[in-house]
Amino acid sequence: MQLSTSKRVEIVDITDKVSGVVRSSNIDKGICTISTSHTTCAIIVNEHESGLISDIMELLEKLVPSNADYYHDRIDNNADAHLRAVLLGNSETMPVRKGDLELGTWQSIFFVELDGPRKRNVDIAVSSYGFRG
């Protein structure tokens, strides 16, 4: 899946797109792995509530300030994005049951842009599992 971001730091809900891929896979029971191979973005699962989204963005700024004279900034002015991605991670794995994502009541899947705006790729892999009798 490709997406385009419009801000340097942005949290994009991709739940519906991932669910669509899972449903079209025709896999009844298995797992879905959502990942990105970019080093300045992340995949997370959390609640889609505007206050919480703002809190996450503020937390990232407090933990990894944008302008803190990082070594990597000597060659590329985006060390904060790399460090934030280290904290958040580049993938999530969710169960698939009855042909759809098994999400908790408040869970959504988010792509987190940390060095945008950019065009990004998100990989969605759906695999079945079962028992042989």
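This briefing walks through the fold, the central sheet, the helices and the salt bridges of the structure above. The model is a predicted one. Its protein chain has 133 residues, 38% of them buried, and its secondary structure comes to three helices and nine strands. A good place to start looking is the open sheet of three strands, with helix α2 lying across it, and then the charged residues around Arg8 and Asp115, whose side chains meet in a salt bridge.

**Overall layout**

- Going along the sequence, the elements of the protein chain follow the pattern β-β-α-β-β-α-α-β-β-β-β-β.
- Along the principal axes, the C-alpha atoms of the protein chain fill a box of roughly 60 × 30 × 25 Å.
- Take the contacts in the protein chain between residues at least 6 apart in sequence: 82% of these join residues at least 24 apart.
- The exposed area of the protein chain is about 8000 Å², and carbon and sulfur atoms supply 49% of it.

**The three-stranded sheet**

- The strand order in this open sheet is β2-β7-β4, and the pairing is antiparallel.
- β2 (10-13) and β4 (41-46) are the edge strands, each pairing on one side only.
- From one strand to the next, the twist averages 30°.
- Strand β7 (residues 108-113) pairs with β2 over four bridges in the antiparallel sense; within this pair, Ile11 has Val112 of β7 as its bridge partner.
- β7 also pairs with β4, again in the antiparallel sense, over six bridges, and here Ser108 in β7 stands opposite Asn46.
- Although β4 is an edge strand, β4 is largely enclosed by the rest of the structure, because five of its six residues are buried.

**Helices around the sheet**

- Helix α2 lies across β2, β4 and β7, and runs at about 140° to β2.
- Residues 50-63 form α2, and Leu63 belongs to this helix.
- With a relative accessibility of 52%, Leu63 counts as exposed.
- Leu63 joins Leu59 and Leu87 in a nonpolar surface patch of about 300 Å².
- In helix α3 (residues 79-88), the buried residues are Ala79, Asp80, Ala81, Arg84 and Ala85; they pack against β4 and α2.
- Gly89 follows α3 and has a positive phi, near 95°.

**Arg8 and its two acidic partners**

- Arg8 counts as partly exposed, at 30% relative accessibility.
- One partner of Arg8 is Asp80: the two form a salt bridge in which the closest N and O atoms are 2.9 Å apart.
- This pair links distant parts of the chain, with Arg8 in the loop between β1 (2-4) and β2 and Asp80 in helix α3, 72 residues apart.
- Asp80 counts as buried, at 2% relative accessibility.
- Another partner is Asp115, whose side chain meets that of Arg8 in a salt bridge (3.6 Å, N to O).
- Because Asp115 lies in the loop between β7 and β8 and Arg8 in the loop between β1 and β2, this pair ties together parts that are 107 residues apart in sequence.

**The surroundings of Asp115**

- The loop that holds Asp115 runs between β7 and β8 (119-121).
- Asp115 is buried, with a relative accessible area of 9%.
- Leaving aside residues up to four places away in sequence, Asp115 touches Arg8, Thr40, Asn78, Ala81 and Arg120.
- Val9 and Asp115 are 106 residues apart in sequence, yet their C-alpha atoms are 6.2 Å apart in space.

**The wider set of salt bridges**

- The salt bridges in this model come to eight.
- One of them joins the side chains of Arg120 and Glu113 (2.7 Å, N to O).
- Both ends of that pair are buried: Arg120 has 3% relative accessibility, while Glu113 has a relative accessible area of 0%.
- Salt bridges that share partners also build one network from Arg8, Glu61, Asp80, Arg84, Asp115 and Arg118.

Notes: Residues numbered from 1 in each chain as written. Predicted model: local features only at pLDDT ≥ 70, side-chain atom pairs only at ≥ 80, totals over all residues. Heavy atoms only, no water. Patch = residues over 30% accessible without salt bridge, like charges linked within 9 Å, V, L, I, M, F, W, Y side chains within 5 Å. Areas by Shrake-Rupley, 256 points an atom, 1.4 Å probe, with all protein chains shown as cover. Salt bridge = Lys/Arg side-chain N within 4 Å of Asp/Glu carboxyl O. Helix = DSSP H or I, 4+ residues; strand = E, 2+ residues; numbered from the N terminus. Buried < 20%, exposed > 50% of the residue type's maximum accessible area, 1.4 Å probe, protein only. Pairing = 2+ DSSP bridges. Axes fitted to C-alpha atoms, helices over the stretch in contact; angles between N-to-C directions. Contact = heavy atoms within 4.5 Å.
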